[in-house]
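This briefing looks at how two protein chains meet and at one patch on the surface. Have the sequence and the structure open while reading.

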Amino acid sequence: MERDDIYEYSLDTHHSEEEGKKVRKKIYQVLGIMSAVTIFEVGMGMKFSEDPSWAVYLKYIFIFLTLVKAGYIVMVFMHLGDEKKNFRWIVLAPYIVLVGYLIFIVLTESVYSGTIRLFDPLIHTLTGGGAH
Amino acid sequence: MSAHATTQKTDVKSVWGGGTSPFGISYGKMMMWFFLMSDAFTFSGLLTAYGFMRHKYHDIWPVAGDVFTHFPFYTGHIQLLYVAFMTFVLIASSVTMVLAVEAGHRMNKKGVILWMFLTIVGGSIFLGSQAWEWYHFIEGTDHGAVRTFIKDGAWVTEVFKGANLRVNEYGHPLFADFFFFITGFHGFHVFSGVVINIIIFIGVIKGTFHQRGHYEMVEKSGLYWHFVDLVWVFVFTFFYLL
């Protein structure tokens, strides 16, 4: 059976040698950035455990750097940045809205849950004493 | 790809009229994106649940940097280094995958074979590393930890080593539960990614996609593979770094 659907929608899956060079340059650039970020994170992570005064700032730096890495993976490696704008938002918008809400509500409740758990007798059998 | 940035102007009225893809993307690739989106929701749920429990038990939660300190052929303890190695392997294999896709766009069959082969090798190294890490986590330290619990109406004290789904010598048992579930679920994704890559790799060698005129199947399996890398970036941060 002739699969004309594949051909019809895949017209732009080819590029020339010339363009290929540019694309590869970009890929190696992103590899450099991601490696540098990971090395930085691990280095700070090692320091982190020795010096707790840094902990609060590092937490947010790590989360920010993770989002930077994730952005590079999705936009460059997965080529979402090269897809049409409407498709890009169809993938990203529901995700950002729903997961943003999930993180907000779950972490808010976890703080409350952490306050009331000190009255929970089960904790002593789980951890062999616990901190309280 | 930069080649995707087409200069064609799309007419908003006619583009939804049928006979063309409104998103300028093939059916298979779009469905792969939607699948990955649903999968991303699953992982978000797991990691957020981890965050919940971690906040709840923040005072007795173990620091992952102190748990995963093993390195092959070295008896001392180095924090995070092996996980960093694993992360690097996975990022590198993601890069080789995107290079395979790029070679496919130039119809360079040899290039696709080389880069896909390296991707499969990288994925396998990652899987082996994860198994190794699980082994050390289950095995535990030499000294172990003490736990007290009620058995037949009396308090019993016991020394135990390592971690499993019931106990965890490093801290709260939920840490071990989440570790096994999240890295296990991710590891299973890596495993299926390697299997999918091998299947596509065989197709590339046989020339199936070359005959078809394009390497879109490599692109689709590549999307899945990048997603696995993406998830690991988050697992690495929330499990090991924070």
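How much area is buried between chain A and chain B, and what share of it do carbon and sulfur atoms give? The model shown is predicted. In it, about 6,600 Å² is buried between chain A and chain B, and carbon and sulfur atoms give 70% of that area. The size of an interface is often given in this way, as the accessible area lost when the parts come together.

**Contacts between the chains**

- On chain A, 70 residues are in contact with chain B, where 72 residues take part.
- There are 3 salt bridges between chain A and chain B.
- A:Arg24 forms a salt bridge with B:Glu102, and the closest N and O atoms of this pair are 3.4 Å apart.
- Between the two chains, 6 residue pairs are in polar contact, with both residues at pLDDT 80 or more.

**The side of chain A that touches chain B**

- Helices H1 (4–9), H2 (17–50), H3 (55–77), H4 (85–116) and H5 (122–127) of chain A are the elements that give two or more residues to this side.
- Sorted by class, this side of chain A has 35 nonpolar, 22 polar and 13 charged residues.

**A nonpolar patch on chain B**

- A nonpolar patch on the surface is formed by B:Phe85, B:Leu114, B:Phe117, B:Leu118, B:Val121 and B:Ile125.
- Together, these residues have about 480 Å² of accessible area.
- Helix H5 (residues 109–139) of chain B gives the most to the nonpolar patch, with 5 residues.
- B:Phe117, one of the patch residues, lies in helix H5 of chain B.

Note on methods: Residues numbered from 1 in each chain as written. Chains lettered and ligands numbered in written order. Predicted model: local features only at pLDDT ≥ 70, side-chain atom pairs only at ≥ 80, totals over all residues. Heavy atoms only, no water. Contact = heavy atoms within 4.5 Å. Buried area = accessible area lost by both parts, 1.4 Å probe. Salt bridge = Lys/Arg side-chain N within 4 Å of Asp/Glu carboxyl O. Polar contact = N/O pair within 3.5 Å; in protein donor to acceptor, adjacent residues only side chain to side chain. Helix = DSSP H or I, 4+ residues; strand = E, 2+ residues; numbered from the N terminus. Nonpolar A, V, L, I, M, F, W, Y, C, P; charged D, E, K, R; others polar. Patch = residues over 30% accessible without salt bridge, like charges linked within 9 Å, V, L, I, M, F, W, Y side chains within 5 Å. Areas by Shrake-Rupley, 256 points an atom, 1.4 Å probe, with all protein chains shown as cover.
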